[in-house]
Amino acid sequence: MIHTALTDLLGIDAPLVGFNRSPAVVAEVSKAGGLGVLAVSAYSPAELDAQLTWIEEQVQGRPYGVDLLVPGNTTNGDPSDLVASLRAQIPDQHREFIAGLLRRYDIPEEANAEGRVMSEFAANLDPSRVTPLLDVVFSHRIALFANALGTPPPEVLERARSAGVVVASLVGKPEHARRQLDTGVDVLVAQGTEAGGHTGTIASTVLTPEIVDLAGDVPVLAAGGIATGRQMAAALALGAAGVWCGSVWLSSHEASPPRS
Ligand SMILES: Cc1cc2nc3c(=O)[nH]c(=O)nc-3n(C[C@H](O)[C@H](O)[C@H](O)COP(=O)(O)O)c2cc1C
């Protein structure tokens, strides 16, 4: 067993966080002594309630967490502005690469999902959708709340504090980390460019020690390209208090939808 600031903070056996959209992966990671974290943005409140109840039945008191895209302000603000600014950051080179892949493998153009994914993303950020999900999340006994994008709004931090829930935030560069530390988050996840999903441009081996140096006593988890024990050991050697893994679970039995 490896003890770090993260294992002490969360009362887990291994400094490993498993992020996934499948409740089965989350439950297995927590049962194995790590911390499973469920990505919850895509659920309806009723579905989410049922899934968190199921996870709690499986983990039998072991800690688990959730990850939700909460815009900096849950009461106003237009998510479509954020989406427009994100779309503007997608380089033409990337769009050409995707179009080339579609042509090469004879995939119909409508499979190019940028517009659809971006509309779903905007819908997920709508305060009228996020607030009921927060109510569900904080009605369960989660151990960790991760904010997927930007700094958590003050009301989320207050709810987490009063429920004794650890708040984590994903960061891709030092200025993100400084902002999160000023907000008062408990754990930073240094997500390198190798990570699946939305990432920055700094490699994990460069980003992790940089964030560790900034973070002082706040535990830092390394994320991005970590899928083996050797990579986990390297992250700990860089000063991380643990690792946050996503892609490694995608091919696991528990992440697969049931076969009909
Ligand atoms: C398919 C996929 C979807 C993701 N979606 C989210 C998300 O909704 N919220 C979030 O905070 N991180 C998301 N991530 C990033 C993970 O939290 C994590 O930082 C990343 O997977 C770590 O790098 P790795 O994939 O190399 O293990 C996603 C990652 C993957 C692979």
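How many bridges join E2 to E3, and do the strands run parallel or antiparallel? In this predicted model, 4 bridges join E2 to E3, and the two strands run parallel. One such pairing sets Val-37 opposite Gly-65 in E3. The paragraphs below start with the whole chain. They then turn to the strands, and after that to individual residues.

The chain contains 11 helices and 8 strands. A compact globule of 260 residues would have a radius of gyration near 18 Å, and the chain agrees because its own value is 18 Å. The C-alpha trace spans about 50 × 45 × 40 Å along its principal axes. Buried residues account for 45% of the 260 residues. Contacts were also sorted by separation in sequence. Of those between residues at least 6 apart, 60% join residues at least 24 apart.

The surface and the charges were examined next. The accessible surface of the chain is about 13,100 Å². Carbon and sulfur atoms supply 54% of that surface. The chain carries 17 positive and 29 negative charges. The mean positions of these two groups lie 4 Å apart.

Strand E1 covers residues 16–20. This strand is mostly covered, with 4 of its 5 residues buried. E1 pairs with strand E2 (residues 35–39) through 4 bridges, and the two run parallel. Here Gly-18 stands opposite Gly-36 in E2. E1 also pairs with strand E8 (residues 242–245), again in parallel, through 3 bridges. In that pairing Val-17 stands opposite Trp-244 in E8. E1 is thus joined both to E2 and to E8.

E2 in turn is joined to E3. Strand E3 spans residues 64–68. It is largely enclosed by the rest of the structure, because 5 of its 5 residues are buried. The side chains can be followed along the strand. Tyr-64, Val-66 and Leu-68 point one way from E3. Gly-65 and Asp-67 point the other way. Residues on both sides of E3 are buried.

A further parallel pair joins strand E6 (residues 187–191) to E7. This pair has 4 bridges. Within it, Ala-190 has Ala-222 of E7 as its bridge partner. Strand E7 covers residues 220–223. Val-220 and Ala-222 point one way from E7, while Leu-221 and Ala-223 point the other way. All four of these residues are buried.

Ser-204 touches one of the E7 residues, Ala-223. Ser-204 itself lies in helix H10, which covers residues 204–215. Is Ser-204 buried or exposed? Ser-204 is buried, because its relative accessible area is 6%, below the 20% cut-off. Leaving out residues up to four places away in sequence, Ser-204 touches Gly-192, Thr-193, Glu-194, Pro-209, Ala-223 and Gly-224.

Ser-128 gives a contrasting case. This serine is found in helix H7 (residues 127–139). Ser-128 counts as exposed because its relative accessibility is 59%, and the cut-off for exposed is over 50%. Ser-128 and Ser-85 are 43 residues apart in sequence. In space, their C-alpha atoms are 21 Å apart.

Arg-87 belongs to helix H4, residues 79–88. Its relative accessible area is 33%, so Arg-87 is partly exposed. Arg-87 and Glu-114 are 27 residues apart in sequence. Their C-alpha atoms are 8.8 Å apart in space. Glu-114 is also one of the residues that Arg-87 touches. The others are Arg-95, Gly-115 and Met-118, not counting residues up to four places away in sequence.

Two loop residues have positive phi values although neither is a glycine. Gln-60 has a phi near 50°. It lies in the loop between helix H3 (45–59) and strand E3. With a relative accessibility of 68%, Gln-60 counts as exposed. For Asp-106, phi is about 55°. Asp-106 sits in the loop between helix H5 (92–104) and helix H6 (114–125). Asp-106 is exposed as well, with a relative accessible area of 70%.

Key: Residues numbered from 1 in each chain as written. Predicted model: local features only at pLDDT ≥ 70, side-chain atom pairs only at ≥ 80, totals over all residues. Heavy atoms only, no water. Rg over C-alpha atoms; globule rule 2.2 N^0.38 Å. Buried < 20%, exposed > 50% of the residue type's maximum accessible area, 1.4 Å probe, protein only. Contact = heavy atoms within 4.5 Å. Areas by Shrake-Rupley, 256 points an atom, 1.4 Å probe, with all protein chains shown as cover. Lys, Arg positive; Asp, Glu negative; His and termini not counted. Charge placed at Lys NZ, Arg CZ, Asp CG, Glu CD. Pairing = 2+ DSSP bridges.
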